[in-house]
Amino acid sequence: MSEVVLESVSKRFGDTLALADVSMVVPDGAFVVLLGPTGAGKTTTLRLIAGLDRPDTGNIVIAGQSVLDYTPAQRDVAMVFQQYSLYPHLTVRENLAFPLKSPLLNTPADEVERKVRAVAETLRIPHKLDNKATELSGGEMQRVSIGRALVRQPQIYLMDEPLSSLDAKLRAELRVELKHIQANLGATMLYVTHDQIEAMTMATHIGVLEEGRLVQFGAPRDVYENPVSTYVATRLGQPRINLLPADLFPGAPSGAETIGLRPEHIVQGEGQPATVLRVEHLGDQTRLHLRFGGHEVVTTTEVHSHHAQGDEISIRPQSALYFDAAGTCMTTGA
Amino acid sequence: MSESPITRMAEATPQPLARKVRGLSDRAIAWIFVAPTIFLLLAVNIFPLIWTINLSFTNFKANRPNREVEYIGLRNYERILTDSDIWLSMQATAHFLFWTIFFQVLIGFTLAWLINKKFKGNDLWTTIIVLPMMLSPAVVGNFWTFLYQPQIGLFNYVVAFFTGADPSSFEMLGSVQLAPWAIVIVDTWMWTPFVMLICLAGLRSIPDYIYEAAEIDRASKWRQFWTITVPMVMPFLMLAVLFRGIENFKMFDLVVQLTGGGPGSTTELASINLKREAFEKWRTGYSSAFAIILFVTVFGLASIYVKALNKVKDR
């Protein structure tokens, strides 16, 4: 059992409120992705759970026990730091073996070597094992940092943008690998990312943070389809949701200030006219940048679209999201 | 011609000079700039060194400049290496060198480690601790002779207070057994802050997040100290030892002020012995040879040490 519960946790650094009254239940074996811009409190949340910082108020419960007075070692968490935090005077092998050599684990030497090698294979760095940690590229350092978390089997994994400095191909491979490892071990994982695809494909739950407050927590599809506010709506979706004045289209409910249109909410070929500004062929999708009533609207179209700049097409909203003046979502259900 | 600032500048340069400077290669201009320094270096460093080597093969005595100078080959070197006085002074130097470095590293690192903890007023403490090394060695030597006074000295009083012995029952500077330790104590008092400062720089260069990672990796404080702190401070510590080693190999002023090499010749370090041979006994050729031997020794030791230092840094 390694359920993680945050109970009204607040944390202040000097004058800035990093976390304000955050409550969250992370079920055992869940994969939680935390979303939010820089400074929203994602890293602070991880550090509090790890035990590197102490909350000012509130309680943190791991596996049914309050861990406020526990050291990071007692909490048995593994963390991938944003800035890698490798031991610069050690080789990659020594870095990976470091957590295994904890007296708390007391792993035999051949076991250490076997595990280090296995993890290095997973992360595709076996040829770098004898390099010094400082002689690696950014992506390699990041992989060593992930490896250091994966060599042991802790109760909880905390990962702070672990794939951010990898190239697209490796990122896609490791995304699958990480999800696989997490599912196999049944470990609880808290994961910070800016990457849409990572959030949508890996998470069982998504938590959206805004200036230290947890504004929405739920399944990825649910957060995507029923965002509580314009803020949450802009966190997910590629291309981003189009936020337009609600009165541009007929049929807005009373009190609606903003209409939120994701590409799938825009029906092409009927409705009001729009001008094509730009066509982007991304390979797996084609994006249309449209000018519509003085606003720019981005949507997708079929891959082999023959639209060109200056074309006139007509569009119509379908089961769109409506938000009131405060940005709160008025629509329920997609 | 247009009146931009650049063209005006170019016109302002006198034509003949501009042409001359333009005629020189970059290399030639570089040589013109370094020439004064090279000349000074040759005049005050290299020439005296070569001249000393030359003198070390002669029986020249500087107080008898008119006497005919004879080249006597390696006889000076032979005599030095078989002279028991010289060996005694080398032993005194080795004793001084070893124990000063031992205590300064031990105490200096400990102080640095303590002062690196985040507590109120640690900057003030750093300044206070560093004070001794800002004093002149001659002054330090002079006032420690008072502290070591058997009748009125504070040092004797403090030792007596803690051990219960009679303060005038021992003389730090007058006793054959205690004098070598007396100079070790004073040098340690004066230069431990230096080692501390360098260790502190080393400790401050270790980022907090390394310790955080170690916390997460479940390393105890003890293990963090031995696997992170010590190896990462080691290059700094070795540098401090190099500086102190070279300095103390040629230690002169402080010890002359304290003991003058006595009692007997128990604190007569190599450099004090050398000064005696050269400017009291006026055996210029002989002392030149001794100087060369000392130079080669310290140069050799330092080179080996620097190699080791680089190895630690690359590790």
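UniProt positions are given here in the numbering used for this structure, and such annotations may be inferred rather than shown by experiment. With that in mind, UniProt places the feature "domain: ABC transmembrane type-1", from an unreviewed entry, at residues 90-305 of chain B. The structure discussed below is a predicted model.

**Chain B: annotated spans**

Within the model, residues 90-305 of chain B are 73% helix and 0% strand. The C-alpha atoms at the two ends of that span lie 19 Å apart. The unreviewed UniProt entry also lists "transmembrane region" for residues 28-51, 96-115, 127-147, 178-203, 224-246 and 286-306 of chain B. Two of these ranges can be set against the model. Residues 28-51 of chain B are 100% helix and 0% strand, with end C-alpha atoms 30 Å apart. Residues 224-246 of chain B are likewise 100% helix and 0% strand, and their end C-alpha atoms are 32 Å apart.

**Chain B: helices α4, α5 and α14**

Two packed helices are described by the angle between their axes and the distance between the axes. For helix α4 (residues 75-82) and helix α5 (residues 84-115) of chain B, the axes come within 5 Å and cross at roughly 60°. On the α4(B) side the contact is made by B:Ile80, B:Leu81 and B:Thr82, and on the α5(B) side by B:Ser84, B:Ile86 and B:Trp87. By class, this contact of α4(B) with α5(B) has four nonpolar residues, two polar residues and no charged residues.

Helix α4 of chain B also has a partner far along the sequence. B:Ile293 sits in helix α14 (residues 284-314) of chain B. Leaving out residues up to four places away in sequence, B:Ile293 touches B:Tyr77, B:Ile80 and B:Leu81. B:Ile293 and B:Leu81 are 212 residues apart in sequence, yet their C-alpha atoms are 9.5 Å apart in space. Because its relative accessible area is 18%, under the 20% cut-off, B:Ile293 counts as buried.

**Where the chains meet: B:Asp217**

B:Asp217 lies in the loop between α10 (208-216) and α11 (221-249) of chain B. Which residues does B:Asp217 touch, not counting those up to four places away in sequence? They are A:Tyr87, A:Phe98, A:Pro99, A:Ser102, A:Arg148 and A:Arg152. B:Asp217 has a relative accessible area of 5% and is therefore buried.

**Chain A: overall**

Chain A contains nine helices and 17 strands. Its C-alpha trace spans about 70 × 45 × 35 Å along the principal axes. Of the 334 residues of chain A, 52% count as buried. Among contacts in chain A with a separation of 6 or more, 63% are between residues 24 or more positions apart.

**Chain A: helix α6**

Helix α6 (residues 168-185) of chain A has 18 residues. From first C-alpha to last it reaches 26 Å, close to the 26 Å expected at 1.5 Å a residue. Its buried residues are A:Leu170, A:Leu174, A:Arg175, A:Leu178, A:Ile181 and A:Gln182. Seen down the axis of α6(A), these fall within an arc of 140°, so they line one face of the helix. An α-helix has 3.6 residues a turn, so residues three or four places apart point the same way.

The buried residues of α6(A) pack against β3 (31-35), α4 (109-122), α5 (138-150), β7 (156-160), β8 (188-192) and α7 (196-202) of chain A. On the other side of α6(A), A:Lys169, A:Val176, A:Ala183 and A:Asn184 are exposed. Just after the helix, A:Gly186 takes a positive phi of about 70°.

**Chain A: backbone exceptions**

Most residues other than glycine have a negative phi, and most peptide bonds are trans. The table gives two positive phi values in residues other than glycine.

| Residue | Phi | Loop in chain A | Relative accessible area |
|---|---|---|---|
| A:Ala63 | near 50° | between β4 (57-62) and β5 (65-66) | 32%, partly exposed |
| A:Ser85 | near 55° | between β6 (77-80) and α3 (92-97) | 1%, buried |

A cis peptide bond, with omega near 0°, runs from A:Gln238 to A:Pro239. A:Pro239 is in the loop between α9 (230-235) and β11 (242-245) of chain A.

Methods: Residues are numbered from 1 along each chain as its sequence is written. Chains are lettered from A and ligands numbered from 1 in the order in which they are written. This is a predicted model: local features need pLDDT of at least 70, side-chain atom pairs count only at pLDDT 80 or more; totals for chains, interfaces and linings use all residues. Side-chain values use heavy atoms; hydrogens and water are left out. Axes are lines fitted to C-alpha atoms, for helices over the stretch in contact, and angles run from 0 to 180 degrees between N-to-C directions. Helices (H or I, at least four residues) and strands (E, at least two) are DSSP runs, numbered from the N terminus. Contact means heavy atoms within 4.5 Å. Ala, Val, Leu, Ile, Met, Phe, Trp, Tyr, Cys and Pro count as nonpolar, Asp, Glu, Lys and Arg as charged, and the others, Gly among them, as polar. The expected span of a helix is 1.5 Å times one less than its number of residues. Buried means under 20% relative accessible area, exposed over 50%, partly exposed in between (1.4 Å probe, protein chains only). The arc is that of the directions from the helix axis to the C-beta atoms.
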